[in-house]
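Colleague: Could you take me on a close look at one part of this model, the place where two of the helices pack together? I would also be glad to hear how that part sits in the rest of the chain.

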Amino acid sequence: MSDHDPNDPPREEFHHDPIEHAAVSGGMTVGELATEYGKAGIGANALAEAVDIYAEMLDPEVTTFVGLAGAMVPAGMRQVVVDLIRDGHVDVLVTTGANLTHDAIEAIGGKHHHGRDHGDASLREHDEQLRDEQVDRIFDVYLPQEHFALLESHLREEVFPAIEASAEQSSASHSSGPSAREKKTVSIARLTDELGRANAEVNRQEGIDEDPGIAAAAHEHDVPIYAPAIQDSVLGLQAWLYSQTTDFSLDALDDMNGLNDIAYEADSTGAVVVGGGVPKNYVLQTMLVAPDAYDYAVQLTMDPEHAGGLSGATLEEARSWGKLEKAARNASVYADATITLPLLVAAARERVAETE
């Protein structure tokens with residue numbers, strides 16, 4: 001029995017909201033499952049709260065910035081992002097050069113493959129065998145190295161020359177301005193847009209069964225893609241190699257113009273941060289030069305807060321910097337994003353569909 005006397009002063013930190021027990025059954029929807037999660041505690045409750053917040057962010061009046069880190073494309077999350085772009089739920093995408101690399105490979109005919117159990121061999125022996133067979137491993141995903149050669153040809157034949165041609169036209173129309181070399185320096189966002197165009201064209205011309213992908217959808221729907229650490233990828237490496245024998249170059253600072261303009265002009269903003277690293281910080285720091293901060297934020301991560309690193313930093317910490325409004329609704333879900341992202345998106349979409 002409780003020793004608490006009802007005549008004692010009220011408990012300031014206690015609100016009588018007892019934990020209920022989630023009930024699951026065959027045939028229930030993802031939205032119904034998320035509702036059951038909300039009755040529980042710990043990670044289940046965090047995911048339920050994230051769903052509530054993200055459902056509000058799907059309002060067309062909210063400008064949504066998405067940060068996508070990690071190996072989300074090789075792991076099979078590509079179509080989730082594509083569909084969000086096509087349905088108007090992404091206004092800005094910040095991702096890694098690696099995700100764009102793997103997105104392009106799929107667009108032009110390459111495929112990632114399920115790995116296998118390495119049996120009695122040690123993991124090192126297994127990877128040594130993969131090296132001999134020219135297969136790259138991303139945890140339990142395999143990618144034949146010939147796909148990178150395919151990507152190189154794609155970039156050199158379909159992407160980089162098109163950017164150079166448009167730069168030369170711009171240079172010719174400004175003959176009294178900067179040199180042609182300066183005019184061939186383009187933003188990373190210009191490169192990712194051209195990549196999307198080329199991915200879509202080759203995908204269509206070659207009759208590729210796979211969807212043309214993230215960059216193609218972004219190009220089609222005028223969604224800018226920023227990859228501020230593009231050098232840290234095969235895509236960035238190929239851009240650098242191409243720059244060694246041509247006048248082509250990238251200007252990372254130029255991206256800040258378009259990105260900050262979007263943030264500055266938005267009436268209401270939300271951030272979905274998948275993973276950490278550069279995409280996370282790039283999305284959040286945008287509000288440091290905007291008149292307001294994020295009204296909504298959802299973070300899907302496995303990085304711990306106690307290490308003090310950016311990838312594990314809480315959204316509450318971001319509030320102290322002025323990246324989130326004091327009254328912003330935010331939630332962090334600490335679990336594998338390949339599990340939580342589809343659940344988050346499916347449940348939030350269901351909530352929105354119910355109100356339409």
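Modeller: Happy to; I will begin with the whole chain, go to the helix pair, and then visit two other spots.

Please keep in mind that this is a predicted model. The chain has 14 helices and eleven strands. Along the principal axes, its C-alpha atoms fill a box of roughly 85 × 60 × 40 Å. Of the 356 residues in the chain, 45% are buried. If you take the contacts with a separation of 6 or more, 78% of them come from residues 24 or more positions apart.

Now to the helix pair. The partners are helix H1, residues 30–39, and helix H14, residues 337–355. Two packed helices are described by the angle between their axes and the distance between the axes. Here the angle is about 105°, and the axes lie 8 Å apart. An angle from 65 to 115 degrees counts as roughly perpendicular, so H1 is roughly perpendicular to H14.

Which residues meet at this contact? From H1 come Val-30, Gly-31, Glu-32, Ala-34 and Thr-35, and from H14 come Leu-343, Ala-346, Ala-347, Glu-350 and Arg-351. By character, the residues of this contact divide into five nonpolar, two polar and three charged.

It helps to look at each helix by itself as well. In H1, the buried residues are Gly-31, Leu-33, Ala-34 and Glu-36. Gly-31 and Ala-34 therefore appear both among the buried residues of H1 and in the contact with H14. The buried residues of H1 pack against H2 as well as H14.

H14 has 19 residues, which at 1.5 Å a residue should span 27 Å; its end C-alpha atoms are 27 Å apart, so the two values agree. Its buried residues are Ala-337, Thr-340, Leu-341, Leu-344, Val-345, Ala-347, Ala-348, Arg-351 and Val-352. Ala-347 and Arg-351 are in this buried set, and both also take part in the contact with H1. The buried residues of H14 pack against three helices, H1, H2 (42–57) and H3 (78–86). They also pack against strands S9 (268–274), S10 (294–301) and S11 (324–334).

Next, a small sheet. It is an open sheet of three strands in the order S3-S5-S4, with antiparallel pairing. Strands S3 (113–114) and S4 (135–138) are its edges, each pairing on one side only. S4 and S5 (residues 141–144) are joined by four bridges, again in the antiparallel sense. Among the residues facing each other, Ile-138 has Val-141 in S5 as its bridge partner, and Arg-137 stands opposite Tyr-142 in S5. Two residues lie between the strands of this hairpin, where Phe-139 takes a positive phi near 55°. Helix H5 (residues 123–132) packs on the sheet and touches S4 and S5, its direction making about 140° with that of S4.

Last, a single side chain. Arg-197 is found in helix H8, residues 188–205. Is Arg-197 buried or exposed? Its relative accessible area is 17%, and buried means under 20%, so Arg-197 is buried. Leaving aside residues up to four places away in sequence, Arg-197 touches Glu-158, Ala-162 and His-219.

Note on methods. Residues are numbered from 1 along each chain as its sequence is written. This is a predicted model: local features need pLDDT of at least 70, side-chain atom pairs count only at pLDDT 80 or more; totals for chains, interfaces and linings use all residues. Side-chain values use heavy atoms; hydrogens and water are left out. Axes are lines fitted to C-alpha atoms, for helices over the stretch in contact, and angles run from 0 to 180 degrees between N-to-C directions. Angles under 35 degrees count as roughly parallel, over 145 as roughly antiparallel, 65 to 115 as roughly perpendicular and the rest as oblique. Contact means heavy atoms within 4.5 Å. Ala, Val, Leu, Ile, Met, Phe, Trp, Tyr, Cys and Pro count as nonpolar, Asp, Glu, Lys and Arg as charged, and the others, Gly among them, as polar. The expected span of a helix is 1.5 Å times one less than its number of residues. Buried means under 20% relative accessible area, exposed over 50%, partly exposed in between (1.4 Å probe, protein chains only). Two strands pair if DSSP finds at least two bridges between them.
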